[in-house]
Amino acid sequence: MSTVQATVPMSDHGSPSFQLDARGFVHVPPQQAWQVLTDYEHLPTFVPDLLRSKVLSRGPHEATIEQVSRAGFLFVSHTVHMVVHVDERPFSAIDVTLVSGDLRYYRAHWALAETTRQGESGTLITYSGELAPKFYLPPLIAQPLAQAQVHRMVAAVISEIEARGRQR
């Protein structure tokens with residue numbers, strides 16, 4: 001499956017920022033994994049807490065995407081709206097940067113590497129993200145919330161990649 005590690009350093013303004021890393025192995029080549037990762041408009045059908053994802057503009061290896069998600073923990077819930085710019089290096093990497101929205105800072109990197117694991121060929125998918133919300137969340141709530149959301153996101157992406165791979 002996937003492993004997720006998160007660190008929560010404090011920013012200069014006393015609010016938390018997050019560095020989140022996750023990885024997972026799928027039994028498909030990078031080209032098939034790529035098709036799921038770049039299926040931006042369909043991400044809400046399998047990524048938990050992602051309510052909407054709309055491509056605003058598209059170029060040969062870039063896109064601008066509007067996304068709305070829900071971040072919640074116990075009784076605390078917050079809707080997050082953001083517009084991101086995506087730079088694509090087909091079948092190997094996706095870089096995401098914040099254009100505007102409810103976060104002070106957001107940057108993410110998805111990497112795909114063809115590899116073998118226990119004699120089976122496939123793709124290692126690595127996610128690395130850094131974010132800082134504009135809204136306050138106490139660190140004791142923020143850290144488990146961020147870790148859980150990234151774990152669910154990466155696990156859902158891996159599951160969808162595997163499911164689409166079995167359909168072929």
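## Hairpins, core, cavity and salt bridges in a predicted model

Strand 7 and strand 8 make a hairpin with 2 residues between them, and Gln118 in the turn has a positive phi of about 50°. The model is a predicted one. The two strands of this hairpin, strand 7 and strand 8, run antiparallel and are joined by 14 bridges. Within this pairing, Tyr105 stands opposite Ala132 in strand 8.

Strand 7 also pairs with strand 6: the two run antiparallel, with 5 bridges between them. A hairpin through 1 residue connects strand 6 to strand 7. Asp95 has His109 of strand 7 opposite to it.

### Nonpolar core

The largest nonpolar core contains 42 residues, and Ile94, Tyr106, Trp110, Tyr127, Val154 and Ile161 are those with the most contacts inside it. At least two residues of this core come from each of strand 2 (18-26), helix 1 (30-37), strand 4 (62-73), strand 5 (76-89), strand 6 (93-101), strand 7 (103-117), strand 8 (120-133) and helix 2 (139-167). Helix 2 contributes the most to the core, with 9 residues.

Tyr127 can be followed through its contacts. Leaving aside residues up to four places away in sequence, Tyr127 touches Leu20, Asp21, Ala22, Tyr106, Ala108, His109, Trp110, Val150, Met153 and Val154. Among these partners, Tyr106, Trp110 and Val154 are also listed with Tyr127 as having the most contacts inside the core.

### Largest cavity

The model has 2 cavities of 30 Å³ or more. The largest cavity holds about 790 Å³ of space. It is lined by 36 residues, of which Ser69, Met82, Tyr106, Tyr127 and Met153 are the closest to its centre. Tyr106 and Tyr127 thus appear both in this group and among the core residues with the most contacts. Met153, another of the residues closest to the centre of the cavity, is touched by Tyr127.

Which elements each supply at least two residues of the lining of the largest cavity? They are strand 2, strand 4, strand 5, strand 6, strand 7, strand 8 and helix 2. Helix 2 provides the largest share of this lining, 7 residues, and also gives the most to the largest nonpolar core.

### Salt bridges

The count of salt bridges in the model comes to 7. Three of them are set out below, each with its closest N to O distance.

| Basic residue | Acidic residue | N to O distance |
|---|---|---|
| Arg164 | Asp39 | 2.9 Å |
| Arg52 | Glu66 | 3.7 Å |
| Arg107 | Glu130 | 2.5 Å |

The side chains of Arg164 and Asp39 meet in a salt bridge. Arg164 lies in helix 2 and Asp39 in the loop between helix 1 and strand 3 (50-59), so the pair ties together parts that are 125 residues apart in sequence. Arg164 is partly exposed, at 21% relative accessible area. Asp39, at 19%, is buried, because buried means under 20% relative accessible area. Arg164 and Asp39 also belong, with Glu160, to a network of salt bridges.

Arg52 and Glu66 form a second salt bridge. This pair links distant parts of the chain, with Glu66 in strand 4 and Arg52 in strand 3, 14 residues apart. Is Glu66 buried or exposed? Its relative accessibility is 17%, so Glu66 counts as buried. Arg52 is partly exposed, with a relative accessible area of 39%.

The salt bridge of Arg107 with Glu130 links strand 7, which holds Arg107, to strand 8, which holds Glu130, across 23 residues. Arg107 is partly exposed, with a relative accessible area of 40%, and Glu130 is likewise partly exposed, with 26%. Strand 7 and strand 8 are the strands of the hairpin with 2 residues between them.

### Arg166 in helix 2

Helix 2 also contains Arg166. With a relative accessible area of 62%, Arg166 is exposed. Its C-alpha atom is separated by 9.3 Å from that of His27, although Arg166 and His27 are 139 residues apart along the chain.

Technical notes
Residues numbered from 1 in each chain as written. Predicted model: local features only at pLDDT ≥ 70, side-chain atom pairs only at ≥ 80, totals over all residues. Heavy atoms only, no water. Core = buried A, V, L, I, M, F, W, Y, C linked by side-chain atoms within 4.5 Å. Buried < 20%, exposed > 50% of the residue type's maximum accessible area, 1.4 Å probe, protein only. Helix = DSSP H or I, 4+ residues; strand = E, 2+ residues; numbered from the N terminus. Contact = heavy atoms within 4.5 Å. Pairing = 2+ DSSP bridges. Salt bridge = Lys/Arg side-chain N within 4 Å of Asp/Glu carboxyl O. 1 Å grid on protein atoms, 1.4 Å probe; cavity = no way out; pocket = protein on both sides within 12 Å on 5 of 7 lines; lining within 4 Å. Points joined across faces, edges and corners; volume = space filled by probe spheres on them.
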